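Visitor: I would like to be taken through this protein chain one step at a time.
Guide: Then look at the sequence and the structure before the questions begin.

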Amino acid sequence: MYKLMSSAGRSLAATLLLLLLAAATAAAQVAGTPAAAAAGAACHNDLIALRSTCYQYVQDDGGPMVQPSPHCCATVRGIANATCVCDYFSSLDYINLDRVFYVAGQCAVAIPWSCGD
């Protein structure tokens, strides 16, 4: 589906993603604690990295599951805020959570079974 989107559609989607991430980071900073701000920033960084390295392996495109690249696995292993990433992925209808679990398993990373609930 992503390949079928026009460049304008992809730009709009990327802009919306960045706005959502900025809002989440701002909300964490308003919470008033440095830890909350750091968690928001870590989540933002994780999501950007995952989007650029792993999206093709978790998109809901109807195709077969594909072994993730070593670069994707390195990104998955480096996730700092798994809870935030799980919460975000569960809100996206173009991400296949079965594929998220598959990629995590192929990368030897355990993610909570509640991810996506």
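**Links, core and charges**

Guide: Cys 43 and Cys 84 are joined by a disulfide, with 1.7 Å from S to S; a disulfide here is a pair of cysteine sulfur atoms within 2.5 Å. The model is a predicted one, in which local features need pLDDT of at least 70 and side-chain atom pairs count only at pLDDT 80 or more, while totals for chains, interfaces and linings use all residues. Residues are numbered from 1 along each chain as its sequence is written, and side-chain values use heavy atoms, with hydrogens and water left out.

Visitor: Which helices hold Cys 43 and Cys 84, and how many residues apart are they?
Guide: Helices are DSSP runs of H or I with at least four residues, strands are runs of E with at least two, and both are numbered from the N terminus. The pair links distant parts of the chain. Cys 43 is in helix H2, Cys 84 is in helix H4, and the separation is 41 residues.

Visitor: Is the link of Cys 43 and Cys 84 left-handed or right-handed?
Guide: The angle to look at is the one about the S-S bond, which is -75 degrees. The link of Cys 43 and Cys 84 is left-handed.

Visitor: Is Cys 43 buried or exposed?
Guide: Buried means under 20% relative accessible area, exposed means over 50%, and partly exposed is in between, with a 1.4 Å probe and protein chains only. Cys 84, at 24%, counts as partly exposed. Cys 43 has 4% relative accessibility, so this residue counts as buried.

Visitor: How many disulfides are there by this rule?
Guide: Besides the link of Cys 43 and Cys 84, a disulfide joins Cys 54 to Cys 72, with 2.0 Å from S to S. A further one joins Cys 73 to Cys 107, also with an S to S value of 2.0 Å. The count comes to three.

Visitor: What is the handedness of the disulfide of Cys 54 and Cys 72?
Guide: This pair links helix H2, which holds Cys 54, to helix H3, which holds Cys 72, 18 residues apart. Both Cys 54 and Cys 72 are buried. The torsion about their S-S bond is about 120 degrees, so the disulfide is right-handed.

Visitor: What parts does the pair of Cys 73 and Cys 107 tie together?
Guide: Cys 73 is buried at 5% relative accessibility, and Cys 107 is buried at 0%. Cys 73 lies in helix H3 and Cys 107 in the segment after H5, so the pair ties together parts that are 34 residues apart in sequence.

Visitor: What pattern does the chain follow along the sequence?
Guide: The secondary structure comes to five helices and zero strands. Read along the sequence, the pattern is α-α-α-α-α.

Visitor: Where do the buried residues of H4 lie on the helix?
Guide: Helix H4 covers residues 82-90, and its buried residues are Val 85, Cys 86, Tyr 88 and Phe 89. Seen down the axis of H4, these residues fall within an arc of 165 degrees, taken from the directions from the helix axis to the C-beta atoms. They therefore line one face of the helix.

Visitor: Which element gives the largest share of the largest nonpolar core?
Guide: A nonpolar core is a set of buried Ala, Val, Leu, Ile, Met, Phe, Trp, Tyr and Cys residues joined through side-chain atoms within 4.5 Å. The largest one has 23 residues, and Val 76, Phe 89, Ile 95 and Val 103 touch the most other members. Helices H2 (34-58), H3 (70-77), H4 and H5 (97-106) each give two or more residues to this core. The largest share, seven residues, comes from H2.

Visitor: Which residues is Phe 89 in contact with, leaving aside its neighbours within four places in sequence?
Guide: Contact means heavy atoms within 4.5 Å. With those neighbours set aside, the contacts of Phe 89 are Leu 50, Ile 95, Leu 97 and Val 100.

Visitor: Which side chains meet in a salt bridge?
Guide: Side chains of opposite charge can pair when their charged atoms come close. A salt bridge is a side-chain nitrogen of Lys or Arg within 4 Å of a carboxyl oxygen of Asp or Glu, and a search of the whole structure finds one. At 3.3 Å from N to O, the side chains are those of Arg 99 and Asp 61.
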